[in-house]
Amino acid sequence: MEYFIQQLLNGLTLGSIYGLVAIGYTMVYGIIGMINFAHGDIFMLGGFAALIVFLILTSFFAGIPVALALLVMLVVAMLVTSLWNWTIERVAYRPLRGSFRLAPLITAIGMSIVLSNFIQVTQGPRNKPVPPLVNDVFHFGSITVSLKQILIVIVTSVLLAAFWYIVNKTPLGRAQRATEQDRKMAALLGVDVDRTISITFVMGAALAAVAGTMYLMYYGVASFNDGFIPGVKAFTAAVLGGIGSLPGAVLGGLLIGLIESLWSAYFSIAYKDVATFAILAFVLIFKPTGILGRPEVEKV
Amino acid sequence: MSNANSPATDVAPGLMAKALREGLFAGVLAFGMFLLYVGVETYQNIDNALVWRMRWGLLAVFVAIAAVGRFLVVAFLRPSLDRRKLNKAKAGLLDVSEDKGFFHKHFLKIAMIVLVLYPPVIVSLYGVQGSLKFVDNFGIQILIYVMLAWGLNVVVGLAGLLDLGYVAFYAVGAYSYALLSDHFGLSFWVLLPMAGILAAFWGIILGFPVLRLRGDYLAIVTLAFGEIIRLVLMNWAEVTGGTAGISGVAKASIFGIWSFDVGASNNFAKAFALPMSSAYYKIFLFYVILALCLITAYVTIRLRRMPIGRAWEALREDEIACRSLGINTVTTKLTAFAIGAMFGGFAGSFFAARQGFVSPESFVFLESAVILAIVVLGGMGSLTGIAVAAVVMIGGTELLREMEFLKHVFGPDFTPELYRMLLFGLAMVVVMLFKPRGFVGSREPTAFLKERKSVSGSFTKEGHG
Amino acid sequence: MTSAIETMTPDTILKVEHLSMRFGGLMAINDLSLEVRRGEITALIGPNGAGKTTVFNCITGFYKPTMGMITMRQKGGKEFLLERLSDFEITKHAKVARTFQNIRLFSGLTVLENLLVAQHNKLMKASGYTVMGLIGLGSYKREAAAAIELARHWLEKADLIDRADDPAGDLPYGAQRRLEIARAMCTGPELLCLDEPAAGLNPRESLALNTLLNSIRDETGTSILLIEHDMSVVMEISDHVVVLEYGQKISDGTPDHVKNDPKVIAAYLGVEDDEVEEVIAEELDGGTP
């Protein structure tokens with residue numbers, strides 16, 4: 001039982017990270033109907049930004065409080081990835097908006113290849129280990145909860161709440177939802193569609209940067225290759241939850257995290273990704289629009 | 001984009017100021033983007049601890065390129081492009097010029113002759129041993145991708161079903177050949193069709209559950225299936241050899257008459273009293289893959305003119321209309337999956353025979369992405385466009401391996417190979433930005449009453465499934 | 001309200017009995033019965049939202065009705081229960097073809113190719129399900145030539161022969177409507193269902209459409225069921241009119257009968273219910289409508 005709870009906690013932590021990345025996928029998909037394949041690499045960029053900031057901070061201010069260091073890492077990573085995603089949207093996606101559906105998909109895949117190889121070229125192909133930032137561990141009976149895990153879950157929850165507020169209660173969120181429903185109509189009604197889409201990319205990137213920082217803190221290592229697998233899993237999470245649906249992305253993320261950790265714990269670690277993908281295929285076959293996705297009505 | 005098309009041909013006043021402003025902005029943006037990743041180098045010191053140092057010079061180069069590049073684009077490139085477009089419009093020239101040159105008209109014949117003569121010409125230029133690199137890296141490598149892309153074209157380009165896991169069928173073909181030749185000692189010529197049939201069978205198995213899915217859901221599930229197959233190949237070590245893969249895969253022979261195994265009595269080089277070289281095998285393989293490509297092209301062209309091919313294209317255009325015309329969309333989709341997978345299977349078994357080694361490393365998602373990119377860059381549905389895209393993209397990146405002279409420019413540490421995928425990705429983005437419908441955007445009709453007019457890409461759809 | 005048809009006479013091609021279709025809480029069609037006679041043009045009319053397209057979608061298998069029976073009787077006497085067939089089987093086996101309210105052409109294929117796709121099943125068989133055709137055996141070549149001839153026939157009928165090699169998406173609106181009808185005819189239907197064929201047409205195009213529909217009926221004997229808003233088209237060409245409102249049939253008969261039915265007038269003019277009753281009462285009293 002304790003073992004189960006332990007795995008549940010691990011899954012929850014991992015799932016929070018996936019959920020944060022999944023939101024970026026789902027938002028962009030919702031607003032411009034495009035799979036932003038490069039989003040996983042934005043997540044990776046976020047992790048690298050956090051890593052570099054961490055190195056700089058610790059070499060200048062050796063005794064810096066962990067909380068402050070983390071905060072600086074988060075803020076800088078969010079800023080830098082936002083810049084990147086904003087630029088990418090401007091340069092690579094916007095000119096293709098409204099064109100052939102596959103063209104933005106291919107540019108996004110191209111962008112993903114560019115980003116991961118850019119980091120490989122500039123930062124080297126090897127894994128970058130960082131000393132553990134947060135070491136504290138709490139014991140509840142035989143269950144171990146690390147401060148890292150608590151931090152990850154708390155940061156995720158806070159961000160989700162903030163995010164939910166933005167999308168549902170602010171004019172910006174209203175503009176986003178309007179653009180999502182009908183871009184032309186929104187533009188006619190005075191919504192600055194370009195700006196709204198840009199902000200969506202920026203928000204997605206900021207959340208991915210947080211996820212990247214958390215990922216770095218959790219695993220203590222960054223690599224140029226880190227974008228792909230977590231990216232695909234986060235995308236899987238978004239689709240599993242019902243792409244376009246924000247609660248769906250979080251739910252999907254948590255589910256994927258749980259499936260992964262429970263499967264590794266009880267069955268085989270080697271096949272954990274097979275289990276994830278198989279469950280995705282299985283869910284979609286029976287519910288083709290994901291768990292919380294709106295059913296697609298076939299208009300005849 | 002829209003705010004620069006001033007109708008006047010002379011330089012608009014304020015353009016320079018605007019260009020300067022935008023250049024400056026680009027520079028600042030680049031500084032923010034590159035400061036951490038380019039400006040800071042992280043490396044492990046002797047104690048294996050991660051440390052950092054600044055690379056101000058490199059950062060300055062990046063920022064300068066961004067700023068100057070943006071300035072030049074806004075100040076000169078864009079006005080001149082606009083002017084050219086305007087002049088064209090004034091002259092009343094259509095985008096498509098009707099009279100095609102000699103090269104255009106006889107493109108296929110010329111291409112065929114060049115391909116058939118390629119190995120002998122290379123051998124006569126570089127000698128038998130020297131031809132190896134050209135025949136193998138450029139010839140065979142490119143043709144494998146041509147074949148794969150033509151196979152995927154059936155699924156994506158014709159039927160409009162977005163498949164992100166095509167590499168799975170390539171893997172099925174490769175492992176079928178490797179395992180069956182290993183365990184049963186069957187020859188390449190027996191296993192080639194078998195691998196195709198097995199892959200087609202897998203195409204149907206994987207196709208069945210995803211039939212109801214549309215668009216991006218289909219894309220993600222096919223991606224998932226591709227990954228599942230790779231992960232199983234990687235982890236089912238008893239059968240597949242796990243990450244290490246299977247080595248010592250049997251070579252193909254010239255229909256069992258001559259062999260390319262060094263020790264064999266009917267060795268090709270021995271039989272013709274030629275000096276021993278692995279180049280003969282590669283030249284032979286070049287013709288094999290060329291033949292396979294031609295078969296793929298022939299079958300695709302024939303299928304397009306048959307009811308099934310037309311049904312695929314109709315499916316891409318409008319699935320509901322297809323059903324209203326009595327077309328069984330389930331079997332139509334499945335045949336597209338199966339035929340596409342079959343070509344992937346052929347290519348896979350050829351790949352295994354060529355490498356003599358298969359491992360899951362060769363069948364990662366990136367491969368699927370590259371193949372899909374070639375299909376889209378070439379222009380969906382167009383065999384010629386796809387072949388051109390394969391030559392440009394694969395040939396271009398292979399060429400980079402050969403750029404040894406760059407070492408003299410950038411210093412001996414410079415490894416051009418590192419930049420291979422970076423440039424590949426950039427090329428994908430750039431080509432899409434300038435040609436969103438690929439190199440060949442139009443489609444050739446499959447039947448005509450009076451004259452064959454190609455259909456502009458703006459009418460064709462890209463499918464929903 | 002007319003009672004459901006009890007028996008199916010030989011000249012009945014389609015019989016809809018007690019058809020109901022529910023979407024969630026909405027009853028789009030409620031216990032509808034109607035009959036289409038062979039060789040006639042039957043019009044299905046009614047105000048917006050009356051459920052006309054839903055009836056079509058039930059007949060052609062795009063929706064599965066909640067309740068009811070739809071029987072199609074072919075010339076040879078063979079009967080099909082359409083609610084049990086899937087959409088493509090209805091066209092393939094029962095020989096019911098349809099068009100759509102929002103034109104659904106294969107816009108990237110040429111006009112001719114559109115008509116060839118419609119002959120898919122016939123050509124599939126002739127090509128030995130692709131296998132024989134691929135190796136150049138069998139009757140495929142001959143059948144393919146015949147298919148082009150059939151397409152040519154319908155292109156001439158629909159006055160599209162000059163545009164045969166142009167992409168379907170390039171045609172003007174009226175021509176697209178005619179092409180969709182020609183395409184449906186290429187499937188060789190016994191019953192042709194047209195969903196608002198005259199919508200968006202100018203008077204001249206509308207006239208051309210009438211000619212096309214009349215010639216389809218008279219020359220091929222194909223029965224036509226159409227949904228239409230344009231009363232001039234309805235009154236001019238239909239032999240029989242069925243009026244729907246709120247998913248129920250409110251009138252059924254010849255164009256003249258329907259035109260003078262007070263319930264229909266009320267439905268179209270949006271009169272209050274009690275006024276309708278007044279009108280009916282007046283009529284019963286012998287007053288002129």
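Colleague: Over how many bridges do strand 9 and strand 10 of chain C pair?
Modeller: This is a predicted model, in which local features need pLDDT of at least 70 and side-chain atom pairs count only at pLDDT 80 or more, while totals for chains, interfaces and linings use all residues. Residues are numbered from 1 along each chain as its sequence is written, chains are lettered from A and ligands numbered from 1 in the order in which they are written, and side-chain values use heavy atoms, with hydrogens and water left out. Strands (E, at least two residues) and helices (H or I, at least four) are DSSP runs numbered from the N terminus, and two strands pair if DSSP finds at least two bridges between them. Strand 9 of chain C pairs with strand 10 (residues 248–253) of chain C in the antiparallel sense, with C:Val243 opposite C:Ser251, and the number of bridges is five.

Colleague: Which residue takes a positive phi in the hairpin of strand 9 and strand 10 of chain C?
Modeller: This hairpin has two residues between the strands. A positive phi near 50° is taken there by C:Tyr246.

Colleague: Which residue of strand 9 of chain C stands opposite C:Leu44?
Modeller: Strand 9 of chain C also runs parallel to strand 3 (residues 41–45) of chain C, and four bridges join them. Opposite C:Leu44, in strand 9 of chain C, stands C:Val242.

Colleague: Why is strand 9 of chain C said to be largely enclosed by the rest of the structure?
Modeller: A residue counts as buried under 20% relative accessible area, as exposed over 50% and as partly exposed in between (1.4 Å probe, protein chains only). Strand 9 of chain C covers residues 240–245, and it is largely enclosed because, of its six residues, the number buried is five.

Colleague: Which residue has a positive phi in the turn between strand 1 and strand 2 of chain B?
Modeller: Strand 1 (residues 40–44) and strand 2 (residues 50–54) of chain B pair in the antiparallel sense over five bridges, and B:Val40 stands opposite B:Met54. These two strands form a hairpin with five residues between them, and the turn residue with a positive phi of about 70° is B:Asn48.

Colleague: What area is buried between chain A and chain B?
Modeller: Contact, meaning heavy atoms within 4.5 Å, takes 75 residues from chain A and 65 residues from chain B. Buried area is the accessible area (1.4 Å probe) that two parts lose on being put together, summed over both. Carbon and sulfur atoms give 76% of the area between chain A and chain B, which is about 6100 Å².

Colleague: How many salt bridges does the rule find across the interface of chain B and chain C?
Modeller: A salt bridge is a side-chain nitrogen of Lys or Arg within 4 Å of a carboxyl oxygen of Asp or Glu. Between chain A and chain B the count is zero. In the interface of chain B and chain C, C:Asp87 forms a salt bridge with B:Arg323, the closest N and O atoms being 2.4 Å apart, and the number of salt bridges found there is three.

Colleague: Which three residues of chain B supply the largest part of the area that chain B buries against chain C, more than any other three?
Modeller: Here 37 residues of chain B are in contact with 42 residues of chain C, and the area buried is about 3400 Å², of which carbon and sulfur atoms give 64%. Of the area that chain B buries, 21% is supplied by B:Leu325, B:Leu449 and B:Phe459.
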